[in-house]
Amino acid sequence: MTTFLQLHLLTAYPPSNPNRDDQGRPKQATVGGAPRLRLSSQSIKRALRVSEPFRQGLAGHMGQRTKLMAKALLDRLLAGGMDAAQARAKAEEIAKVFGKIEPQDKKRPEAIQGTTLAFISPDERAFALELADKALAGEALPTEKELARTVLRTADGAVDIAMFGRMLADNPDFNRDAAVQISHAITTHRAQAEDDYFTAVDDLQRPEDTGGAHLGEHGFGSGVYYLYACVNCDLLVENLGGDRDLAARGLRSLVRAIATSTPSGKQNSHAHRPRAGYVRAEIGQAAPRDLTGAFFAPVRGEDLFDASARALEKTAADIDRAYGPAADAVETMDVPKGQGTLSAIEDFAASALERQNA
């Protein structure tokens with residue numbers, strides 16, 4: 001049976017705008033008929049990938065999302081002395097395994113890139129560059145189908161791809177299912193975006209001159225956010241080619257990153273750097289379930305954080321009573337109550353891999 005690691009987090013954000021909509025305002029959602037502030041799962045996953053726990057803890061095991069693999073190949077071929085026209089043709093031929101290449105721009109004939117962002121592992125990048133080196137040596141490139149099998153992999157050491165998956169529309173055999181699902185984070189209580197009206201003064205303006213040199217406004221909001229993440233531990237190990245030690249490193253990095261990192265929109269204006277104040281980690285083989293239902297009725301009271309934590313715990317207990325235990329083991333960290341540590345949550349998360357064989 002599949003082993004799941006589930007994470008439930010509560011994080012208090014100060015006035016901030018970490019994740020903006022198309023008008024530059026904080027993203028919002030209506031939940032249980034009440035307005036809430038929202039952080040998209042896409043922005044959260046991006047924050048995880050660029051966080052220090054991921055970049056340091058998983059150095060050498062991170063993929064790259066890019067349209068520019070063709071340019072890297074072209075630069076390699078040109079540096080090796082290949083004719084420009086031939087180099088472009090070879091670069092396009094190899095890079096097409098990651099997706100279609102944009103037509104050459106007459107205004108910028110030297111520019112070359114793919115049409116979509118491709119998630120490329122370190123191994124796949126190395127294999128593609130190796131083919132470029134072989135082309136420089138005069139070797140013929142493999143056929144189109146063989147080329148994909150030469151470069152692309154369904155499992156390797158790229159932890160972020162193993163966790164968050166990828167889609168290659170032109171080579172679907174090399175898609176990877178995500179082992180980690182991340183929810184949109186929502187405030188546990190009613191919350192709406194507010195408007196900040198501001199002015200700026202010209203430093204060279206004379207003292208007797210009044211008024212601002214610039215007028216502006218931007219939106220912000222604050223609140224206690226609930227975030228849910230679910231890890232299919234079996235799929236994570238499979239996506240990493242069976243490397244359980246690397247999977248354990250990935251789980252530790254995920255726990256630390258999800259508790260300490262944040263989308264960085266308007267960070268210079270608000271300096272929002274919150275840390276999760278409550279984390280509930282669960283390991284088990286029962287079907288996963290999130291606890292968003294704890295907040296369909298917005299929490300109220302003077303201490304919204306404590307009310308949120310108690311509502312979350314009550315909902316977990318209610319579901320366990322009705323359906324049976326949703327987890328075989330639970331570890332919590334409650335900062336305001338002085339209970340638990342993030343290091344203990346990391347150790348607990350890594351232990352999910354040991355429990356697979358128990």
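Axes here are lines fitted to C-alpha atoms, for helices over the stretch in contact, and the angle between two of them runs from 0 to 180 degrees between N-to-C directions. The model is predicted.

**Helix packing**

Two packed helices are described by the angle between their axes and the distance between the axes. Helix H5 covers residues 122-136, and helix H6 covers residues 144-151. They pack at an angle of about 130°, and their axes lie 8 Å apart. H5 is therefore oblique to H6, because angles over 145 degrees count as roughly antiparallel, 65 to 115 as roughly perpendicular, and those under 35 as roughly parallel, with the rest oblique.

Which residues of H5 meet H6? They are Glu124, Phe127, Ala128 and Leu131. On the H6 side, the partners are Leu147, Thr150 and Val151. By class, this contact of H5 with H6 has five nonpolar residues, one polar and one charged.

**Cavities**

Rolling a probe the size of a water molecule over the atoms shows where empty space is left. How many cavities of 30 Å³ or more does a search of the whole structure find? It finds three. The largest cavity holds about 160 Å³ of space. It is lined by 19 residues, and the closest to its centre are Thr11, Tyr13, Leu227, Ile258 and Ser261. Four elements give two or more residues to this lining: strand S1 (4-16), helix H1 (41-49), strand S9 (214-232) and H9. The lining has 15 nonpolar and four polar residues, and no charged ones.

The second largest cavity has a volume of about 80 Å³. Its lining comprises 14 residues. Lys67, Ala95, Phe98, Gly114 and Thr116 lie nearest its centre. Helix H3 (69-79) and strand S5 (118-120) each supply at least two residues of that lining. By class, the lining of the second largest cavity splits into seven nonpolar, five polar and two charged residues.

**Single residues**

Four residues are set out by place and accessibility.

| Residue | Place | Relative accessible area |
|---|---|---|
| Glutamate 346 | helix H12 (342-355) | 11%, buried |
| Lysine 266 | loop between H9 (244-260) and H10 (267-270) | 28%, partly exposed |
| Alanine 271 | loop between H10 and strand S10 (278-284) | 54%, exposed |
| Arginine 321 | helix H11 (304-323) | 67%, exposed |

Is glutamate 346 buried or exposed? Its relative accessible area is 11%, so glutamate 346 is buried, since buried means under 20%. Leaving aside neighbours within four places in sequence, glutamate 346 is in contact with Arg252, Val255 and Arg256.

Two loop residues call for a look at the backbone. Lysine 266 is not a glycine, yet it has a positive phi of about 55°. Lysine 266 has a relative accessible area of 28%, so it is partly exposed; that class lies between the 20% and 50% cut-offs. Alanine 271 is also a residue other than glycine with a positive phi, near 55°. At 54% relative accessibility, alanine 271 counts as exposed, because exposed means over 50%.

Arginine 321 sits in helix H11. With 67% relative accessibility, arginine 321 counts as exposed. What separates the C-alpha atoms of arginine 321 and arginine 289? The distance is 14 Å, and the two residues are 32 residues apart along the chain.

Note on methods:
Residues are numbered from 1 along each chain as its sequence is written. This is a predicted model: local features need pLDDT of at least 70, side-chain atom pairs count only at pLDDT 80 or more; totals for chains, interfaces and linings use all residues. Side-chain values use heavy atoms; hydrogens and water are left out. Buried means under 20% relative accessible area, exposed over 50%, partly exposed in between (1.4 Å probe, protein chains only). Contact means heavy atoms within 4.5 Å. On a 1 Å grid over the protein atoms alone, a cavity is a set of points where a 1.4 Å probe fits but cannot get out, and a pocket is an open set with protein on both sides within 12 Å along at least five of seven lines; lining residues have an atom within 4 Å of a point. Grid points are joined across faces, edges and corners, and a volume is the space filled by probe spheres set on the points. Ala, Val, Leu, Ile, Met, Phe, Trp, Tyr, Cys and Pro count as nonpolar, Asp, Glu, Lys and Arg as charged, and the others, Gly among them, as polar.
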